[in-house]
Amino acid sequence: MFTSTEDSLTALGRKFQRVRNRTERLCEPLAAEDCVVQPVVDVSPPKWHMAHTTWFFEQFLLNDYLPGYEVYHPRFAFLFNSYYEGAGERVLRPNRGNMTRPTRDEVIAYRQYVNEAMQAYLSNGQAKTEREQYILELGLQHEQQHQELLVYDIKYILGHNPLFPAYLTEKSHHPELTGSLDESYLKVDAGLYEIGYEGPAFHWDNERARHKVYLADYKIMNRLVTVGEFLEFVDAGGYEQYQWWLEEGWRWVNALERKCPKYWFKIDGQWMVYTLHGLEPLSPDEPMCHVSYFEAQAFALWKGKRLPTEAEWEVAAGLFSPEIPESANFAEQESFRTQSRQGADCQFFGDVWEWTQSAYLPYPGYRAESSTLGEYNGKFMVSQMVLRGGSYATPRDHIRPSYRNFFHPHLNWLFNGFRLAE
């Protein structure tokens, strides 16, 4: 069971306000029209994210633990539930973009209403049980996940507009590190290692239980694959040569007529890429981003390498980057882009999530909790692949070496890259 690491309810209240404020700051650069559209099923309208993360606190905390609480609107649970079968019926995911009402302003009013109720709950002087503290922390971690999804979705919405509008007009001044970008590998000796989470702080149930794994000798790249390296694959006709692709990946390439990675465009003979700062020339030293598992696997095979397993990744991160470096490019940097990370502490954390060749499956001894909140991870353990390390949209206090992200192998709208192993 979760044990709070916060010193007091006052600290939890401060964290609540900080997390909630950040969601709204992320939406500030958007026009009202940007907040409504849903171009594809994987993308949710920004106002839906704002409302869903609010519903979570109302549904799982206020309804049960704040005496006399009255829900803001009797139909909002139907509109803003995501996939919790135990919480009742809901709008189907492909139909979230059909909801022109409530308006963005009404969603903001809903957030304010729930925020005020949460502050009343936190300041009512009543001791909070371990269960209540767990749900509160879970709600904050859940909202941080949606903040990252929100940035993915904003980029998709703006990046598929023919005008290629910039989300931000001013570029960040996050310094780029200098050093070698030579392709080198870190050697890990064969042996018995432990992976998974163990400790009192918050963690997801899919990180348990900590367990032993045997690994054969392997080598893992000391950095992420770069844009320039992936461009070589594109220029060599990699998207037209079936021998590099898994069968399902080759069908994906041909069905979508893919010739290059997502957000790449060849304009007047020059490769350009859409970023949250607008359309820019490719930056060859930056980590590769927006590649599906299929594309990462094909590149690895083309290079005569492979992707690491999630156990290989976690063990290597523990050996070569035992502390998450201050230079890691996380959400707090507010760079809203990948950064050239030459010589950057082996670059295991930040910038882009890293595909592994591991299927998303339960660890030995895994147990999901029996309540509706138990639907959070376990029921998705099929047909998905594990990613590790966090991205430039991940909050620093949200990530751990044992954190297991997971997505379907064809998806590339998230901030995903990869490194090689052999």
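Q: In what order do the three strands of the open sheet stand?
A: In this predicted model, three strands come together in an open sheet, and their pairing is antiparallel. The edge positions belong to β5 (264–267) and β7 (278–281), each of which pairs on one side only. Neighbouring strands are turned against each other by 40 degrees on average, direction ignored. The order is β5-β6-β7.

Q: Which residue in β7 does valine 273 stand opposite?
A: Strand β6, which covers residues 270–275, pairs with β7 in the antiparallel sense over four bridges. Across this pairing, the residue in β7 that stands opposite valine 273 is glutamate 280.

Q: At about what angle to β5 does helix α6 run?
A: Helix α6 is formed by residues 227–235 and lies across two strands of the sheet, β5 and β6. With respect to β5, the helix runs at about 65 degrees.

Q: Which element gives the largest share of the lining of the largest pocket?
A: The largest pocket has a volume of about 860 Å³, and 34 residues line it, with Tyr83, Arg93, Leu149, Phe406 and Phe407 the closest to its centre. The elements that contribute two or more residues to this lining are α2 (46–65), α5 (130–159) and β10 (405–407). The largest share amounts to eight residues, and the element that supplies them is α5.

Q: How many residues of the lining of the largest pocket are charged?
A: When the lining residues are divided by type, 13 are nonpolar and 15 are polar. The charged residues in this lining number six.

Definitions and conventions:
Residues are numbered from 1 along each chain as its sequence is written. This is a predicted model: local features need pLDDT of at least 70, side-chain atom pairs count only at pLDDT 80 or more; totals for chains, interfaces and linings use all residues. Side-chain values use heavy atoms; hydrogens and water are left out. On a 1 Å grid over the protein atoms alone, a cavity is a set of points where a 1.4 Å probe fits but cannot get out, and a pocket is an open set with protein on both sides within 12 Å along at least five of seven lines; lining residues have an atom within 4 Å of a point. Grid points are joined across faces, edges and corners, and a volume is the space filled by probe spheres set on the points. Ala, Val, Leu, Ile, Met, Phe, Trp, Tyr, Cys and Pro count as nonpolar, Asp, Glu, Lys and Arg as charged, and the others, Gly among them, as polar. Two strands pair if DSSP finds at least two bridges between them. Axes are lines fitted to C-alpha atoms, for helices over the stretch in contact, and angles run from 0 to 180 degrees between N-to-C directions. Contact means heavy atoms within 4.5 Å.
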